[in-house]
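Reader: I should like to learn how the principal features of a structure are read. May we go through one example together?

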Amino acid sequence: TPLSAIINLNDFEHVAKQSLSPNAWAYYSSGSDDEISKQMNRKAFQNVSLRSRVLRNVEEINTSTMILGQKTSMPVFVSPAAMAKFAHPLGECAIASGVGKEGLIQVVSTSSSMSIEDIMNARVDKDQPIFFQLYVNQDINKSKALIRRAEQAGVKAIWITVDSAVIGKREQDERIRAKVTNGGAISQGQEVMGIGRTMGAIITPRLSWGDLLWIRKTTNLPLVIKGIQCVEDAILAYEHGVQGIVLSNHGGRHDKLTLNSAQAPLLTLLEINKYAPFLLTKMEIYLDGGVRRGTDILKAVALGATAVGLGRPLLYALTAGYGEDGVRKLISILRAELMSNMALAGARNLGEITRAMLNPSRLERD
Ligand code: FNR
């Protein structure tokens with residue numbers, strides 16, 4: 001399929017399904033157990049309707065904003081996702097150069113298929129910001145060393161993923177029982193239980209709020225916690241002094257054992273609006289999971305999100321030999337959608353996207 005024939009993010013998913021090996025497709029696409037959370041993430045967006053404002057002269061639309069003090073051309077970032085090389089030989093490097101040209105920020109996974117140094121070198125220039133996502137290792141010293149290494153490489157923030165305390169069951173993935181042969185986070189010759197499970201084996205189950213102390217002492221970079229799933233923990237994160245949180249159920253992959261049914265992040269954002277709205281002005285709040293349309297971005301921003309993340313779509317956009325061109329195409333599709341959605345909703349910039357533009361009553365019934 002030529003890139004010119006791709007008109008939305010679902011098209012990329014169809015192409016990926018055709019072109020990826022069964023192994024890679026299962027690893028990228030699979031959700032936990034019955035994939036309920038993965039479906040709920042989409043449903044949550046679909047259950048919010050919009051209340052447009054008209055007659056506002058929407059000739060000029062500006063989608064730019066800041067994430068942790070770094071400029072971004074849209075309130076969108078690339079969520080950390082492991083093993084991009086399954087999709088394209090240039091893997092995470094192709095994402096780095098593609099998003100750099102489109103002015104977005106990439107969060108690089110601990111389990112990337114390429115080194116953080118190589119990915120930093122693939123940037124369009126030295127000013128292109130990249131963030132680093134950390135899975136805290138069983139051996140804390142390894143994690144401290146990794147934070148310092150990422151800092152040395154020039155990353156602008158550390159995102160700590162906390163929703164993967166134990167390894168979940170990903171049935172599609174495990175059916176394949178893929179043999180992973182390349183290095184990175186996976187040591188060679190390790191018994192393979194399905195790609196996801198193998199990668200999870202290095203993550204510590206002992207992490208707790210107190211660990212933020214040594215993490216804070218290890219680096220002065222902004223800290224973000226990824227994987228907040230209820231308003232109570234959003235408040236705790238704020239009390240522990242982090243600069244941002246990602247509301248996420250890990251794309252419904254949920255690495256937690258049997259925690260399929262984890263609620264959609266949009267619902268968590270709604271909880272924050274209801275029970276702790278002060279948080280929205282105290283730290284940056286992002287969400288990811290199921291974002292596929294300009295209207296999804298608009299809805300999250302209306303509820304106070306600083307930005308939203310995309311996981312699977314970026315991996316899909318790399319497939320079929322598309323590489324960097326696919327990444328750029330994906331971003332330009334989303335940008336065009338968001339700009340026309342904003343114009344039709346009556347918002348010329350992100351500040352004009354207000355809570356009142358939403359009717360979340362169907363989501364509230366959830
Ligand atoms: C992920 N995700 C993830 N998250 C993280 O913090 N570290 C990681 O290494 C990975 N790896 C990973 C691999 C793959 C193949 C996927 C699909 C996802 C989760 C990711 O950051 C994000 O939360 C979800 O992908 C968002 O949902 P969507 O956009 O995929 O629906």
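Author: The discussion below takes up the strands, the helices, two residues and the ligand. Please bear in mind that this is a predicted model.

Reader: How do the strands of a sheet pair, and which strands make up the closed barrel?

Author: In general, strands of a sheet pair through backbone hydrogen bonds, and the pairing is either parallel or antiparallel. Here, eight strands form a closed barrel with parallel pairing, in the order β4-β5-β6-β7-β8-β9-β10-β11. From one strand to the next, the twist averages 30°. One pairing may serve as an illustration: β4 (residues 76-78) and β5 (residues 105-108) run parallel and share two bridges. Within that pairing, Val 78 has Gln 106 of β5 as its bridge partner.

Reader: Which strands does helix α11 touch?

Author: Let us take helix α10 beforehand. Helix α10 (residues 231-239) packs on the sheet, where it touches β8 (223-228) and β9 (244-247). The directions of α10 and β8 make an angle of about 165°. Helix α11 (residues 265-275) also packs on the sheet, touching β8, β9 and β10 (284-288). With the direction of β10, that of α11 makes about 155°.

Reader: Is Ala 307 buried or exposed?

Author: Burial is judged by counting the other C-beta atoms within 10 Å, and 20 or more make a residue buried. Ala 307 is buried because 26 other C-beta atoms lie within 10 Å. The residue belongs to strand β11 (residues 307-310). Beyond its neighbours within four places in sequence, Ala 307 is in contact with Thr 65, Ile 67, Thr 72, Pro 75, Val 76, Phe 77 and Tyr 286. By contrast, Gly 241 lies 66 residues from Ala 307 along the chain, and their C-alpha atoms are separated by 20 Å.

Reader: Why is Lys 299 classed as buried?

Author: Lys 299 is classed as buried because 29 other C-beta atoms lie within 10 Å. Lys 299 sits in helix α13 (residues 294-302). Not counting residues up to four places away in sequence, Lys 299 touches Phe 45, Val 48 and Leu 358. Thr 354 is 55 residues from Lys 299 in sequence, and the C-alpha atoms of the two are 9.2 Å apart.

Reader: Which residues come nearest to the ligand?

Author: Of the 25 residues around the ligand, those that come nearest are Ser 79, Ser 109, Gly 251, Gly 311 and Arg 312. By class, this shell has eight nonpolar, 13 polar and four charged residues. Helices may be considered too: α2 (22-29) and α14 (312-318) each supply at least two residues of the shell.

Note on methods: Residues are numbered from 1 along each chain as its sequence is written. This is a predicted model: local features need pLDDT of at least 70, side-chain atom pairs count only at pLDDT 80 or more; totals for chains, interfaces and linings use all residues. A residue is near a molecule or strand if its C-beta atom, placed from the backbone, lies within 6 Å of it. Helices (H or I, at least four residues) and strands (E, at least two) are DSSP runs, numbered from the N terminus. Ala, Val, Leu, Ile, Met, Phe, Trp, Tyr, Cys and Pro count as nonpolar, Asp, Glu, Lys and Arg as charged, and the others, Gly among them, as polar. A residue is buried if 20 or more other C-beta atoms lie within 10 Å of its own, exposed if 12 or fewer, and partly exposed in between; C-beta atoms are placed from the backbone. Two residues are in contact if their C-beta atoms, placed from the backbone, lie within 7 Å. Two strands pair if DSSP finds at least two bridges between them. Axes are lines fitted to C-alpha atoms, for helices over the stretch in contact, and angles run from 0 to 180 degrees between N-to-C directions.
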